[in-house]
Amino acid sequence: MTEAMDAEFDTVAEWTAQVALDLGPDYYVPAGCRGSGSPAALDWLIEQLELTSRDVLLDCGAGVGGPAAYAAQAVSLNPVLVEPEAGACRAARTLFGFPVVQAVGSALPLADASVDAAWALGVLCTTPRQVELLTEMRRTVRPPGRIALLAFVAREPLQTRQPEGNHFPTRERLVELIADAGLRMREWRSTADLPSIPTEWSDRVDAVTDALAERHAASEAWELAESQSKRIADLLEEGAVTGEMVVLRHA
Ligand SMILES: C[S@@+](CC[C@H](N)C(=O)[O-])C[C@H]1O[C@@H](n2cnc3c(N)ncnc32)[C@H](O)[C@@H]1O
């Protein structure tokens, strides 16, 4: 992990939990989803994965745990979180009390076929070990292999414009990775086609961001994390990178 990624996924993750605790329980899930999840995206993924209260859902690269908490609230399922950054693991435990295992997605410390479904949201582009991550998700999810990704995908190879530590696959490469991992595509939807984010939700996210900036703007970690997110936001805004949700099954 690069210094900028450590700042964003470790230090700022932990600060985010502290801010959410201070703002109150209504802020926990929006704060925990600052990484990538929006209500419409999560609703679509929950529906496509046919998640129910009987399911154990693996959230691979869970960050602060907001998406897992959203799913737990929506359908009363049991999430298991895997996340490599210690600060994010502590943040998810503090805010939501979920079981969190500190590990990378390419070496999941879980038994074969031990969960009902899995998702990795905004995670694939953060690791060079992409086929290994997908192969591990395939191994740990029991048949038929209900797996979903929210993947940030490059329209063309980004070459030197790739933000440090990121590895955005092209659309073609994502299709290859899925096949190489022994998975098949069932549904594909771009996040650009989703309904907009409710104001109540974005107001809470903004309040968390404002409080983080107020407390930490002078720190190097905040500057690094902000400049990394801005580079990615710029690529998304100009369409060089897009958010794609894919729903998979075992091949
Ligand atoms: C953009 S954040 C998304 C967090 C969360 N999934 C969400 O949607 O809010 C990416 C997360 O992936 C984690 N990550 C980075 N490399 C990883 C790897 N090799 N395996 C699993 N997670 C990883 C980071 O620590 C970070 O928490």
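Here is a short back-and-forth about a predicted model and the ligand in it.

Reader: What makes the pair between E83 and the ligand a polar contact?

Author: An N or O atom in the E83 side chain sits 2.6 Å from an oxygen atom of the ligand. The cut-off for a pair of N or O atoms is 3.5 Å, so this one counts.

Reader: Which ligand atom do G105 and T126 lie close enough to for a distance to be given?

Author: For G105, a backbone N or O atom is 2.8 Å from a nitrogen atom of the ligand. For T126, a polar side-chain atom is 3.3 Å from a ligand nitrogen. Overall, the protein buries 94% of the 590 Å² that the ligand exposes when taken alone.

Reader: What kinds of residues make up the shell around the ligand?

Author: By class there are eight nonpolar, 10 polar and two charged residues. Of the 20 residues around the ligand, S36, G61, E83, G105 and L121 come nearest. E83 counts as charged, because Glu is put in that class.

Reader: Where does the "Methyltransferase type" label come from?

Author: From an unreviewed UniProt entry, which annotates residues 58-148 as that domain. In the model, that stretch is 35% helix and 27% strand, with its end C-alpha atoms 10 Å apart.

Reader: Why are the buried residues of helix 7 said to be on the same side?

Author: The buried ones are L174, L177 and I178. They span an arc of only 100° around the axis, so they share one side of helix 7. E172, A179 and D180 are exposed on the other side.

Technical notes
Residues numbered from 1 in each chain as written. Predicted model: local features only at pLDDT ≥ 70, side-chain atom pairs only at ≥ 80, totals over all residues. Heavy atoms only, no water. Near = heavy atom within 4 Å. Polar contact = N/O pair within 3.5 Å; in protein donor to acceptor, adjacent residues only side chain to side chain. Areas by Shrake-Rupley, 256 points an atom, 1.4 Å probe, with all protein chains shown as cover. UniProt positions renumbered as here; feature names shortened; annotations may be inferred. Helix = DSSP H or I, 4+ residues; strand = E, 2+ residues; numbered from the N terminus. Buried < 20%, exposed > 50% of the residue type's maximum accessible area, 1.4 Å probe, protein only. Arc of directions from axis to C-beta.
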